[in-house]
Protein chains: 4
Amino acid sequence: MSKGNLLDAIIAQTKLTKKQTDKQQKIVETAIKLFAEKGYANTSTSEIAKAAMVAEGTIFRHYGTKDNLLLSVILPFIKDSIPTMAEEVFGEIMSKNIGCFEDFLRALLTNRIHFINENREIFQIVVKELLYSDELRKDLLPFFTKNILHQISKVINLYKKRGELIDIPSSTIQRMIFPLIGGYFVSRFVLQPDNLDLDEEAEIGNLIRFIMDGLRKE
Amino acid sequence: MSKGNLLDAIIAQTKLTKKQTDKQQKIVETAIKLFAEKGYANTSTSEIAKAAMVAEGTIFRHYGTKDNLLLSVILPFIKDSIPTMAEEVFGEIMSKNIGCFEDFLRALLTNRIHFINENREIFQIVVKELLYSDELRKDLLPFFTKNILHQISKVINLYKKRGELIDIPSSTIQRMIFPLIGGYFVSRFVLQPDNLDLDEEAEIGNLIRFIMDGLRKE
Amino acid sequence: MSKGNLLDAIIAQTKLTKKQTDKQQKIVETAIKLFAEKGYANTSTSEIAKAAMVAEGTIFRHYGTKDNLLLSVILPFIKDSIPTMAEEVFGEIMSKNIGCFEDFLRALLTNRIHFINENREIFQIVVKELLYSDELRKDLLPFFTKNILHQISKVINLYKKRGELIDIPSSTIQRMIFPLIGGYFVSRFVLQPDNLDLDEEAEIGNLIRFIMDGLRKE
Amino acid sequence: MSKGNLLDAIIAQTKLTKKQTDKQQKIVETAIKLFAEKGYANTSTSEIAKAAMVAEGTIFRHYGTKDNLLLSVILPFIKDSIPTMAEEVFGEIMSKNIGCFEDFLRALLTNRIHFINENREIFQIVVKELLYSDELRKDLLPFFTKNILHQISKVINLYKKRGELIDIPSSTIQRMIFPLIGGYFVSRFVLQPDNLDLDEEAEIGNLIRFIMDGLRKE
DNA sequence: TATGAATGAGACTTCATTCAT
DNA sequence: CATGAATGAAGTCTCATTCAT
């Protein structure tokens, strides 16, 4: 782990993604499933090989290292989750002059929930390893915050100027929203991965309502 | 893991807690430190033995199994964190007729932050393994929710009757508060375990303010 | 290794030497370089393939076996080093009625040093594997001694008859000269392969002087 | 290999030599036999384990690494072979005012031949790995030459002053004697390890005679 | 002819656990 | 109680070799 810079790793990784063999595809799929289920450290390469119906050597021919296999699983997800969010979501939202902060939040949450829902297992892996691995945490966390927080800051400041948000420092606001949304995702997609038949619309509505108005009556 | 029922394990564990040898004490201390630092799966018993300056055999003489050592570390914490909270905190708070919901929240948060702060490493272990280990999650999660949520429900209902809280279902409110507070704890004590010199008073203040009033101006 | 008789292998090898593809050429060159550098056992075929910019399969298409590739590298050298020496060198030298034993020695040494210098890497491989591989030693050593020693014997006997050499058994003389010259080559070309800028003329002079007169003063 | 300084390794190694278990003893013995026979790279730890009638894990419990096992075999030999020679042999010889250079040589050769004969297999290992492993060569060769050559220099100079040796530079003399003796040892103990029933007395006599007087008649 | 994906045997190593002392 | 040597199953990884393309 911690091959120096994660960004470099992402780029290198991308370049290596020539054509994926069928077996490669199968290996990654299986690895995702098992890592998500039992955690990286508790999943052996022989287990993966067996489940993917592939010789164990094949895994190492393509990924060289178990660590590398993990990265091959995680990095594309990171790559997609951050810049996409940064550009698509924020950019789109901001440029289209979406009305109030609530609308922005709703758009953001809906977008992210769909993304995570489609990559639920990888999200589970990332969360688990983020907590579990010192190395990964050191690599990924700054990368996350640097990219996301900066975007959020801009949005918050914009709406603060418009007078829609309370007048406390953006950093404080971030420290409130971030764990709330993060915690929501974690508890929904990682802690209770089976219990996924909620009414999404209503769920998001409640979340937004809570973020905006809190619990106090009136 | 998953030696049947966790509650049974707790009870059995309690009974076993006769007199702890010096060595036992040292073993548990060291295990806590290492599990918190590198995760259960990445910590070998020989490592623990070496760091505790104890023969590897000694660990197994007392705990029989590595899994068992983990439980011996986690269970007392769980045992303390749930019932204590249930009885001490809630009981105390409720009986003393503490005024508004805000005061209740402040008392609760302060109390829990201190508790976790004093057991920071074990908290890290519990969080990590909770996410990481399928088994543990299956055992602990229901136990958690059953005990805590029930108490919280009572409180929320009380304050809702008093008209201090918005009129949405308690379960919904829980689903908002829980991740927020949990996320706060996790991000503060697990994700950024070094960065612990915040202004606690102010931090709690912000948290409460956000919980109560959300982000909307006015 | 030890495909029966090495002589047969040499002959078979010779027959196989039809036309070498460019790739074949490249493979052998690369194998020589790598075997010399890191030893046969520590050089993988994939390494060779990569360095030769050839697919790994190509190596096996041509040489069938890694062992076989080693032989393809070694045998031509052996084939050249022995008979050439036997015929060219000895024959030439002897027939030309070269004067004294010293002159013969000088001619021999000069000739061999040039030959080894031009095939330094293969010489390194042969020496290393000769010591390292039981099999190869069993195959090559008798082959060497049989061919070389026989020639040397004739020469020594000739000069002994001429009264130029001391009167001890030829076999004893051989046991003296052989390690000296061999040791000289090994230490010069294998042990200190970088340090190759000696004054060759002087070096050979000293060697001969020592062989002829030893260390005693007067 | 190449744990920085070999001298340090020797010292560290010595300290680690607490009490050897029976199994440890067996492991080292077996390793010596197999390494000598087939070379380090061609001997697998499982082979050693099987031959030593020991679980493979036991090897690693004691030596941690295959490399380390090799060092555990080689270093005591080195440690004994160099200083012993330096102090015992040279010291003794020089101080006792042993008569002529021939006597010195005879004493030295006899001593070393006995030492190597008693450690024949380890000597084989050292020679083989010295040629085979770049790392080891870089570590050991300077160590060898520094310790041995310095001693030899003193002796040679002494006898040169006494007028017993020819008047050419000591370094040149060394470059003659060293390969001769080294080559003799290698060819006798490594190349033809089976053929060990020579008449040692006569053998040494011839060697000395050659070293002193060379091949020239008269 | 050349490729390179795939293989599986086997290499080195780790580790929880047992047991004689 | 405590020790630490011993174990062997299992883990990660390497590599010569095969084979369909």
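This is a short talk on two surfaces in one predicted model: the contact between chains D and C, and the protein surface around DNA strand E.

I'll start with the protein–protein side. Chain D puts 45 residues into the contact, and chain C puts in 45 residues. The area buried between the two chains is about 4400 Å², and carbon and sulfur atoms give 62% of that. Which three residues of chain D supply the most of what chain D buries against chain C? They are D:Leu131, D:Tyr132 and D:Leu215, with 20% of that area.

Next, the polar part of this interface. There are 2 salt bridges across the interface of chain D and chain C. In one of the salt bridges the side chain of D:Glu203 meets that of C:Arg175, with an N to O distance of 3.1 Å. Polar contacts come to 8 residue pairs across the interface of chain D and chain C, counting pairs with both residues at pLDDT 80 or more.

Where on chain D does this side come from? Six elements of chain D each supply at least two residues: helix 2 (22–38), helix 6 (101–118), helix 7 (120–132), helix 8 (134–161), helix 9 (170–191) and helix 10 (200–213). Helix 9 of chain D has the largest share, 12 residues. Sorted by class, the side of chain D that touches chain C holds 24 nonpolar, 7 polar and 14 charged residues.

Now the DNA. There are 33 residues around DNA strand E, and those that come nearest are A:Thr21, A:Arg61, B:Thr45, C:Thr58 and D:Thr45. Which part of strand E faces the protein, sugar or phosphate, or bases? Of the strand E atoms within 4 Å of the protein, 66% belong to sugar or phosphate, and the rest belong to bases.

Some individual phosphate pairs, then. In chain A, a polar side-chain atom of A:Thr58 is 2.6 Å from a phosphate oxygen of strand E. A:His62 also has a side-chain N or O atom 2.6 Å from a phosphate oxygen of the strand. For C:His62, the distance from a polar side-chain atom to a phosphate oxygen of strand E is 2.7 Å.

As for elements, helix 4 (56–63) of chain A, of chain B and of chain C each give two or more residues to the surface near strand E, and in chain D both helix 3 (45–52) and helix 4 (56–63) do so. By class, the surface near DNA strand E has 6 nonpolar, 19 polar and 8 charged residues.

Notes
Residues are numbered from 1 along each chain as its sequence is written. Chains are lettered from A and ligands numbered from 1 in the order in which they are written. This is a predicted model: local features need pLDDT of at least 70, side-chain atom pairs count only at pLDDT 80 or more; totals for chains, interfaces and linings use all residues. Side-chain values use heavy atoms; hydrogens and water are left out. Contact means heavy atoms within 4.5 Å. Buried area is the accessible area (1.4 Å probe) that two parts lose on being put together, summed over both. A salt bridge is a side-chain nitrogen of Lys or Arg within 4 Å of a carboxyl oxygen of Asp or Glu. A polar contact is a pair of N or O atoms within 3.5 Å; within protein, one must be able to donate a hydrogen and the other to accept it, and residues adjacent in sequence count only if both atoms are side-chain atoms. Helices (H or I, at least four residues) and strands (E, at least two) are DSSP runs, numbered from the N terminus. Ala, Val, Leu, Ile, Met, Phe, Trp, Tyr, Cys and Pro count as nonpolar, Asp, Glu, Lys and Arg as charged, and the others, Gly among them, as polar. A residue is near a molecule or strand if one of its heavy atoms lies within 4 Å of it.
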